[in-house]
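This briefing addresses a single protein structure. Please examine the sequence and the model shown here before reading the notes.

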Amino acid sequence: TEQLGEAPFIVQAEEKQAAEQAAAVAAKGPKLVTKNIVLSDGTYATQTVYSEPKIAAADLDKSPNLRKMIVGGDIFLGTIVASCLTKMCLRAPDLGLGDVKAKSMTVKALLTMCGIVKMAEVTVSAQKSSLADCSERVSLCCRALLDPKAKALLKKTLLSEGKVSFGSFLKHVQDKDGDGDKEESKEEIVAAQADDLIHFRQLRSLTAQGGDLDLDDGSDLARATGYADGGSLLSNELSHVYQLSGFADPVYAEAFVTVHDYDILLEILVINRTPNTLANLTVELSTMGDMKIVERPQSQTIGPLDQMTIRASIKVSSTETGHIFGTIVYEDAATQEKGYVNLNDIHMDIMDYIRPATCTDEVFRSMWAEFEWENKVAISTSIKDLVEFLDHIVTSTNMSCLTPHDRNEKGSFLAANLYAKSVFGEDALVNVSVEKKDDNDGKLAGYIRIRSKTQGIALSLGDRITSVQRGLQPNKKQ
């Protein structure tokens with residue numbers, strides 16, 4: 001308290017005006033005075049004098065650094081000081097201090113905390129958004145000092161359990177750093193030798209390509225789609241197959257979609273279900289969202305009951321949920337009639353562009369305050385366990401959880417921060433605040449807030465979270 005001084009911790013109008021005047025005088029710099037003088041030998045000379053304004057001893061700010069920072073509007077520091085004073089007052093009777101001395105300490109601490117809250121209300125600073133947290137924390141500290149029942153309940157939490165929680169957090173941080181060092185120390189696996197041959201299919205002659213089988217096709221496709229193991233390649237391919245038309249249509253079509261960062265490759269299988277030849281068959285595609293068709297399919301002629309694969313290339317410029325739709329136009333060679341088949345939409349999932357990433361808590365808070373687009377999703381799920389719900393959201397959104405939590409502890413509230421980065425370098429921030437209410441049959445309630453720099457990620461990620469949390473109950477029955 002000696003370093004902190006007496007309340008209030010607010011700069012008065014007179015002190016502020018005097019400080020501004022002193023700063024203005026100091027900004028002007030030294031005053032330059034030039035005059036002519038006569039030397040002792042009778043010659044003339046020019047003398048230049050630099051004069052600086054004298055600073056009175058009363059104008060020098062000799063207050064301690066702690067008080068300077070509190071008066072300057074550091075709300076975080078004020079909250080920490082209030083917590084420290086509360087712990088000292090709670091620990092004073094256990095150290096053998098008398099009742100009078102302990103009561104005097106409590107009164108000084110309460111006056112100091114009131115001054116800190118008043119400073120937070122009046123001061124205009126970058127930490128103004130922390131006013132509510134500061135008021136709530138200081139109010140809790142005041143109750144712990146004034147109310148005997150609250151003191152009995154909170155004393156163990158403030159003096160012992162808080163230190164244990166902070167120790168477990170430091171241990172988690174050290175373990176996390178240790179895992180990162182282990183990953184860096186692992187020896188890199190050699191994927192290819194320096195003298196291995198490199199196959200360029202574009203440089204090979206057409207005659208050589210006629211009957212040869214290119215053994216690199218499978219590995220190239222696996223690398224392009226991001227699948228490391230070839231065993232699961234078929235199952236992943238089937239999950240990216242979209243049926244575009246019905247089995248009763250004259251032309252059946254289905255598309256295999258390959259997403260590789262900025263590029264989307266469509267391989268459309270077209271089957272002629274009629275006994276006639278279809279001429280000038282064209283797949284006309286259109287896109288919705290930040291997608292642009294680079295390579296449009298050419299017109300083809302398909303024989304009776306024949307099939308053909310048509311390719312199209314699409315460029316993506318941002319992380320947004322897009323749609324690809326279109327029609328198949330053809331002409332019957334026998335009857336000369338034109339036909340049209342409307343295709344089902346291809347819904348491009350945002351999860352194809354989201355990659356889990358990590359960042360520090362300071363960077364997360366900075367981005368959270370900076371990003372302007374926010375989407376708030378109400379929690380509606382059949383999951384009854386808090387940690388299980390958090391794991392489901394992390395897995396479904398392909399994000400990484402930045403908040404450490406103990407799976408063995410059972411509570412009624414859980415808050416966690418999730419972070420991910422898109423392939424385009426865009427950041428996605430998610431805050432999960434979920435509560436298990438006893439009056440709601442044990443169901444979970446709360447909100448999931450998504451923030452990003454662009455509107456597309458916030459809306460698309462919100463739609464994704466809404467769909468996966470509502471679609472959980474049928475999946476668990478299977």
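The notes below treat the pocket, the salt bridges, the cysteines and one strand residue in turn. The model is predicted. Its largest pocket holds about 1700 Å³ of space, its salt bridges number five, and a search of the whole structure returns zero disulfides.

**Largest pocket**

- The largest pocket has a volume of about 1700 Å³. Its lining consists of 36 residues, and those closest to the centre are Phe76, Ser130, Asp133, Arg365 and Asn417.
- At least two lining residues come from each of helix H3 (75-91), helix H5 (131-146), helix H6 (148-185), helix H10 (361-370) and strand E16 (413-422).
- The most is given by H10, which contributes seven residues to this lining.
- By residue class, the lining of the largest pocket comprises 17 nonpolar, 12 polar and seven charged residues.

**Salt bridges**

- Side chains of opposite charge can pair when their charged atoms come close. The structure contains five salt bridges, three of which are described here.
- Lys155 pairs with Asp94 in a salt bridge whose closest N and O atoms are 3.1 Å apart. Because Lys155 belongs to helix H6 and Asp94 to the loop between H3 and helix H4 (99-122), this pair ties together parts that are 61 residues apart in sequence.
- The two partners differ in accessibility class: Lys155 is partly exposed at 24% relative accessible area, whereas Asp94 is exposed at 52%.
- Arg449 and Glu374 form a salt bridge with an N to O distance of 3.0 Å. This pair links distant parts of the chain, with Arg449 in strand E18 (residues 444-452) and Glu374 in strand E14 (residues 373-378), 75 residues apart.
- Glu374 also meets Arg451 in a salt bridge, at 2.6 Å from N to O. Since Glu374 lies in strand E14 and Arg451 in strand E18, the pair ties together parts that are 77 residues apart in sequence.
- Glu374, Arg449 and Arg451 are thus linked in a network of salt bridges. Within this network, Arg449 is partly exposed at 27% relative accessibility and Glu374 is partly exposed at 35%, while Arg451 is buried at 16%.

**Cysteines**

- The search of the whole structure finds zero disulfides. Cys84 takes part in none, and the nearest cysteine sulfur, that of Cys141, is 9.4 Å away.
- Cys84 is partly exposed, with 41% relative accessibility.
- For Cys142, the closest cysteine sulfur is that of Cys114, at 5.4 Å, which is too far for a bond; the cut-off for a disulfide is 2.5 Å between the sulfur atoms.
- Cys142 is buried, with 15% relative accessibility.

**Leu285 and its surroundings**

- Leu285 is located in strand E6 (residues 278-288) and is buried, with a relative accessible area of 6%.
- Leaving aside residues up to four places away in sequence, Leu285 touches Leu266, Ile268, Ile293, Arg296, Pro297, Ala312, Ile324, Phe325 and Gly326.
- Leu343 is 58 residues from Leu285 along the chain, and the C-alpha atoms of the two are separated by 9.3 Å.

Terms used: Residues are numbered from 1 along each chain as its sequence is written. This is a predicted model: local features need pLDDT of at least 70, side-chain atom pairs count only at pLDDT 80 or more; totals for chains, interfaces and linings use all residues. Side-chain values use heavy atoms; hydrogens and water are left out. Buried means under 20% relative accessible area, exposed over 50%, partly exposed in between (1.4 Å probe, protein chains only). On a 1 Å grid over the protein atoms alone, a cavity is a set of points where a 1.4 Å probe fits but cannot get out, and a pocket is an open set with protein on both sides within 12 Å along at least five of seven lines; lining residues have an atom within 4 Å of a point. Grid points are joined across faces, edges and corners, and a volume is the space filled by probe spheres set on the points. Helices (H or I, at least four residues) and strands (E, at least two) are DSSP runs, numbered from the N terminus. Ala, Val, Leu, Ile, Met, Phe, Trp, Tyr, Cys and Pro count as nonpolar, Asp, Glu, Lys and Arg as charged, and the others, Gly among them, as polar. Contact means heavy atoms within 4.5 Å. A salt bridge is a side-chain nitrogen of Lys or Arg within 4 Å of a carboxyl oxygen of Asp or Glu.
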